[in-house]
Amino acid sequence: MPDTQQAGGLPPETYARLRRWAEQDGPMTTRARVVLLAAQGLRDAEISRRLGVSRQTVGTWRHRWQSAGLAGLRQRPRTGRPVTVDEAEVVTRALLAPGGSGASRAIAREVGLSHATVAAIRRRWRLAADEFPTPHVPTRPPLPGADIWVMGLYVDQDRAVLLTGTRPGASGPAPAASVIGEDLLDGLDRALDAVRAAAPGTAAAAVGDQALARYLAAAAEHHPDIALHAVTLWDAAQDPDGGPHRGTRGRTRTAGPAPTDTEPGPTRAATEPEPAAVGKLTFHDLPARSTWRGFLHAMIALDSTSHPESSRRVYLDLLSALERHGTARTTGPFAPVCWLRENVAEHLRAARAGQAPAHQGSFSGVNQIDLGSFNECVVIESVRLSGSITRGEIAHRTGLTQQSVSRIARSLLDRGILVEDAQRRATSGKPRTPMRLCGTAAHALGLHIDPEVLTAVVIDLDGSLICTCTRPVGAGIEPGAFVDQAVALARETLEKARGAVREDGFLGIGVAVPGPVDIASGTVLAPPLLSAWDDLPLLYLLKDHFPCPVIIEKDSLAAAAGERWIGRDRRARDFAYLYLGTGVGSGLYLNGDLYRGVSANAGEFGQLCALTLGRVGADGRPEILPECNPPVSVSDLAARGGLHTPEAALGSTAAYRAVGRAAAAGDPAAVAALREVAGAVGRGALGLVDLLDIDLIVLGGPFFTEDVADFYLDEIGRTVNEFPTARRLRRVEVERSVLSAEAAAVGAASTIFHATFTPRLRGRAQG
């Protein structure tokens with residue numbers, strides 16, 4: 001660069017401005033340097049060599065300077081291309097592309113930029129996986145660390161602050177496909193705009209600083225295991241679409257009292273700070289070429305692709321908080337938005353432990369049964385449903401050619417998935433050789449988590465139980481102790497099955513849990529009957545102990561999967577599975593696959609029963625029916641009818657079983673209690689039959705015992721056949737489950753087989 005004494009004949013004011021541009025890191029840097037070097041008399045070739053740019057670039061900017069002066073160096077609008085570039089919005093589009101790997105050219109076409117510009121932005125944010133292992137967020141100063149989370153959002157009359165978190169020294173996780181869509185980002189934009197529009201005039205600076213300080217102190221207390229960073233999105237004294245935050249850039253301080261007028265200025269230059277210690281806060285401005293809206297989108301996209309637990313649920317919580325704030329504003333004074341996400345301590349501990357996991361005594365994950373094509377799954381499904389079938393029969397049923405079936409069958413026989421039975425004599429031609437599944441070719445473990453008992457089973461490919469283990473638990477048990485017990489039970493079960501299970505044929509672990517559950521992150525969302533659980537990242541915690549694939553599923557859906565797998569041809573049609581556990585749930589098998597719904601929580605049965613019975617609260621919310629908790633409601637109704645069960649506490653499993661025995665013996669109070677509960681469940685089943693037009697209801701679960709089975713079958717069968725609108729066109733069968741009392745545990749194990757072998761054109765990602 002030229003010395004300050006060598007202005008090259010340039011006017012002092014012009015020279016000073018070119019010097020400022022040349023020293024910045026921005027779009028004007030190269031242009032200013034070209035002019036300054038040209039003013040010294042250097043030729044284009046020498047300038048090109050010094051700056052590392054093409055001679056064409058040097059010539060272009062030199063010509064623009066000569067023809068238009070400073071104005072010629074500024075960005076000139078081009079047809080079809082934006083005047084300004086929001087780098088964060090480009091980053092968002094790159095991350096939200098399928099697999100987070102949107103090509104620069106495709107993004108460039110979408111946003112109207114050159115692909116070279118998009119590629120440069122990706123390099124600046126370190127999104128090119130082949131060049132950089134982890135992303136980099138170029139706030140001012142940059143965010144330290146690669147593992148970045150969105151932790152909270154604060155909005156008052158004057159400013160908005162996005163709270164992010166990092167784990168110092170941690171490497172960023174491998175990116176995954178984002179579950180965040182543009183619909184959710186648009187919803188957040190609208191909600192934030194509504195909050196800003198509802199805010200009154202600017203508040204006193206001291207009042208705003210105190211409110212922000214209280215929020216940051218609460219954030220540090222709520223998230224003690226992660227370093228926090230406050231990024232100013234907008235400030236009343238600046239352009240709301242960006243600009244530096246007043247007097248905070250580069251500061252590092254402990255969350256606590258609000259800053260005062262005597263607080264010293266920035267302690268560091270606007271360069272990357274040392275990694276912040278946990279409990280400290282660093283303050284940052286937006287990246288130089290990003291708007292607040294684009295930056296918010298980019299951070300959400302980066303968080304959701306790096307952390308599966310940062311799913312739609314987290315940002316739907318944020319959207320709900322913003323919308324509630326807008327509603328409250330119409331009925332009361334303005335109050336700041338102070339949203340904090342759920343505590344991520346369990347995820348962080350699992351991630352830290354996952355860096356060097358100890359998997360003693362566990363089966364390893366294998367890929368020996370990777371299926372090469374959709375047609376292989378079709379053949380396996382045909383064999384499974386039939387039990388034993390010849391190659392010609394498979395070709396006839398599936399529409400595959402005889403040659404294709406023979407080739408696939410030979411491959412499956414070689415891998416031990418199928419075995420041949422004794423030959424059958426044919427009326428003409430050579431004898432035919434049927435095939436069947438080899439039960440010992442694959443095994444899976446199923447773990448059922450219930451408020452009262454843990455159950456673990458190992459089953460083979462035929463659905464035969466290899467071993468079963470149970471362990472009682474209390475509903476108030478702490479989550480950490482609960483997970484320890486679940487892991488110990490799973491290991492005990494695997495150890496008992498070790499002699500019968502080949503390690504190279506163990507496919508994984510299925511876990512059945514009470515809903516609601518966030519399948520994307522494997523988080524159990526505060527089940528009603530597990531009071532100590534609050535957004536427990538169960539899948540993460542279990543994966544830390546087991547190196548094999550782990551799938552988490554709602555218990556009623558898992559039971560339906562097991563019913564389909566083990567029921568074979570008896571369940572080769574659409575059906576609804578009513579799961580009678582600690583609560584009543586339903587699992588739906590429709591159009592050849594489990595129906596999970598958008599959030600994988602299909603089958604919440606209690607509210608359907610309440611609606612069909614017309615039991616709705618004053619606010620319009622369906623009641624929580626006691627009848628949909630059989631062990632409590634049956635014993636309570638029987639006691640009110642005069643039945644005494646002194647050997648068991650009212651509402652307990654023992655009391656429920658005592659009422660069942662009394663009903664089987666003909667006790668009128670016990671019979672009346674069971675029929676009343678079965679009638680309420682039947683009205684919910686009626687809603688399913690009318691809504692889905694199905695002709696099979698399957699009953700199962702731990703509280704569908706032999707003593708009470710006939711009462712449920714009779715009452716529900718009568719209801720779904722006498723009352724439906726289309727009752728003249730169909731007969732609904734109500735049948736017992738083919739599964740044992742361990743229906744959910746067996747079903748959980750079956751989800752592993754279901755995910756591996758069931759033919760589908762759109763597979764479900766496994767854990």
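So, confidence first: this is a predicted model, and the protein averages a pLDDT of 79, with 79% of the residues scoring at least 70. pLDDT, by the way, is the predictor's confidence in each residue, running from 0 to 100. Among the elements, strand β4 (residues 252-254) has the lowest mean, 41, while strand β19 (residues 696-700) has the highest, 94. Over residues 239-278 the pLDDT drops below 50, yet in the model that stretch has 86 contacts beyond near neighbours in sequence; a contact means heavy atoms within 4.5 Å. Residues 762-767 are also below 50, with 13 such contacts. Where pLDDT is low, the predicted coordinates should not be read in detail.

Quick housekeeping. Residues are numbered from 1 along each chain as its sequence is written. Local features need pLDDT of at least 70, side-chain atom pairs count only at 80 or more, totals for chains, interfaces and linings use all residues, and side-chain values use heavy atoms, leaving out hydrogens and water.

Now the overall build. We have 25 helices and 20 strands, taken as DSSP runs numbered from the N terminus: helices are H or I, at least four residues, and strands are E, at least two. Of the 767 residues, 51% count as buried, which means under 20% relative accessible area, with exposed over 50% and partly exposed in between (1.4 Å probe, protein chains only).

How many disulfides does the structure hold? Zero, where a disulfide is a pair of cysteine sulfur atoms within 2.5 Å. Take C469: its closest cysteine sulfur, in C467, is 5.4 Å away, so that's too far for a bond. C469 is buried, at 5% relative accessible area, and C548 counts as buried at 5% too.
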